[in-house]
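Q: Could you choose one part of this model and take me through it closely? I would like to follow how it connects to the rest, one step at a time.

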Amino acid sequence: MSENNLKPDKNDDLSGTDKPFFSAVLTPYRSLGSNGFLVLMLCFGAISFVSGVLFWRIGAWPVFGFFGLDVAILWFAFRMNYRSARVYEEVVVSRHEISIRKVGPGKTYQEYCFNPVWVRLTVKRIEDEGVVKICLTSRGESVDLGNFLNPDDRTSFAGAIANALAVAKAGGV
């Protein structure tokens with residue numbers, strides 16, 4: 001064996017050639033945080049309690065229970081809303097693979113892997129709203145991305161994923 005024809009060292013890390021160069025975690029936006037929820041429930045509960053006591057004092061005591069029921073229903077609705085806010089999507093793009101993981105509110109998830117060479121990005125726009133749908137399609141399988149995002153975030157993500165796909169199709173970083 002000559003000096004010009006060296007064997008590759010067995011300790012070389014060849015897996016580093018496919019490191020992801022784009023990664024995004026998409027989460028739904030919630031305008032009311034946990035502190036805001038606590039303040040809202042305390043105010044709503046206090047108003048319902050005072051109103052219920054007033055009705056009780058004038059002799060309409062069953063109304064007091066309905067005010068309590070209103071508070072319980074509002075609390076339940078917000079709990080379900082916060083539970084649905086636990087969904088997220090992870091999108092990772094490397095030179096040889098696009099990996100998408102959709103995580104639901106429970107422990108359910110779906111994973112998709114595509115070859116970037118064969119992926120087609122479809123972005124549907126409405127003039128007044130902006131981007132309304134982002135879809136990746138490859139060999140008959142389609143995956144919608146960011147359905148829970150607002151139009152501005154969806155537009156921003158569409159541009160970022162389009163750039164990432166262009167880089168992946170061009171051969172990487």
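**A charged pair and its surroundings**

A: K102 and E89 are both buried, and they make a good place to begin. Please keep in mind throughout that this is a predicted model. The side chains of these two residues come together in a salt bridge, with 3.7 Å from N to O. K102 belongs to strand β3 and E89 to strand β2, so this pair links distant parts of the chain, 13 residues apart. As a general point, side chains of opposite charge can pair when their charged atoms come close.

Now let us look at the sheet around that pair. It is an open sheet of 4 strands in the order β1-β2-β3-β4, and the pairing is antiparallel. At the edges are β1 (22–26) and β4 (109–114), each of which pairs on one side only. On average, neighbouring strands of this sheet are turned by 10° against each other, direction ignored. Strand β2 covers residues 88–93, and 5 bridges join this strand to β1, the two running antiparallel. To see one such bridge, find F22 and look across to V93 in β2, which is its bridge partner. Helix α3 (residues 151–169) packs on the sheet, where it touches β1, β2 and β3 (98–103). The direction of α3 makes about 155° with that of β1.

Strand β3 offers a second charged pair. R101 forms a salt bridge with E111, and here the closest N and O atoms are 3.5 Å apart. This pair also links distant parts of the chain, with R101 in strand β3 and E111 in strand β4, 10 residues apart. How open are these two residues? R101 has 27% relative accessibility, so this residue counts as partly exposed. E111 counts as exposed because its relative accessibility is 51%, and the exposed class begins over 50%.

The loop between β2 and β3 is worth a stop as well, since S94 is found there. S94 has a relative accessible area of 5% and is therefore buried, the cut-off for that being under 20%. Leaving aside neighbours within four places in sequence, S94 is in contact with D18, K19, P20, F21, P116 and A168.

In total the model has 3 salt bridges. The remaining pair to visit is K133 with D144, whose side chains meet at 3.9 Å, N to O. K133 lies in strand β6 (residues 130–138) and D144 in strand β7 (residues 141–145), so this salt bridge ties together parts that are 11 residues apart in sequence. K133 counts as partly exposed because its relative accessibility is 29%. D144, at 25% relative accessibility, also counts as partly exposed.

From K133 we can find a way back to helix α3, by way of P151. P151 is found in that helix, α3, and counts as partly exposed at 27% relative accessibility. P151 and K133 are 18 residues apart in sequence and 9.1 Å apart in space, C-alpha to C-alpha. If residues up to four places away in sequence are not counted, P151 touches E129 and V131.

For contrast, here is a part where rings do the pairing. Helix α1 (residues 34–57) has 24 residues and reaches 34 Å from its first C-alpha to its last, close to the 34 Å expected at 1.5 Å a residue. The buried residues of α1 are F37, M41, S48 and G52, and what covers them includes α2 (62–84). Just after α1, G59 takes a positive phi of about 105°.

The model has 7 aromatic pairs. One of them is F49 with F64, an edge-to-face pair at 5.8 Å centre to centre, with 70° between the planes. F49 is in helix α1 and F64 in helix α2, 15 residues apart, and the pair links these distant parts of the chain. F64 counts as partly exposed, at 24% relative accessibility. The rings of F55 and F67 have their centres 5.9 Å apart and their planes at 40°, so this pair is tilted. Here too distant parts of the chain are linked, with F55 in helix α1 and F67 in helix α2, 12 residues apart. F55 is partly exposed, with a relative accessible area of 34%. Finally, ring pairs link F37, F78 and Y82 into a cluster, and F37 is one of the buried residues of α1.

Definitions and conventions. Residues numbered from 1 in each chain as written. Predicted model: local features only at pLDDT ≥ 70, side-chain atom pairs only at ≥ 80, totals over all residues. Heavy atoms only, no water. Pairing = 2+ DSSP bridges. Axes fitted to C-alpha atoms, helices over the stretch in contact; angles between N-to-C directions. Contact = heavy atoms within 4.5 Å. Salt bridge = Lys/Arg side-chain N within 4 Å of Asp/Glu carboxyl O. Buried < 20%, exposed > 50% of the residue type's maximum accessible area, 1.4 Å probe, protein only. Expected span 1.5 Å × (residues − 1). Phe/Tyr/Trp six-rings, centres within 6.5 Å; stacked < 30°, edge-to-face > 60°.
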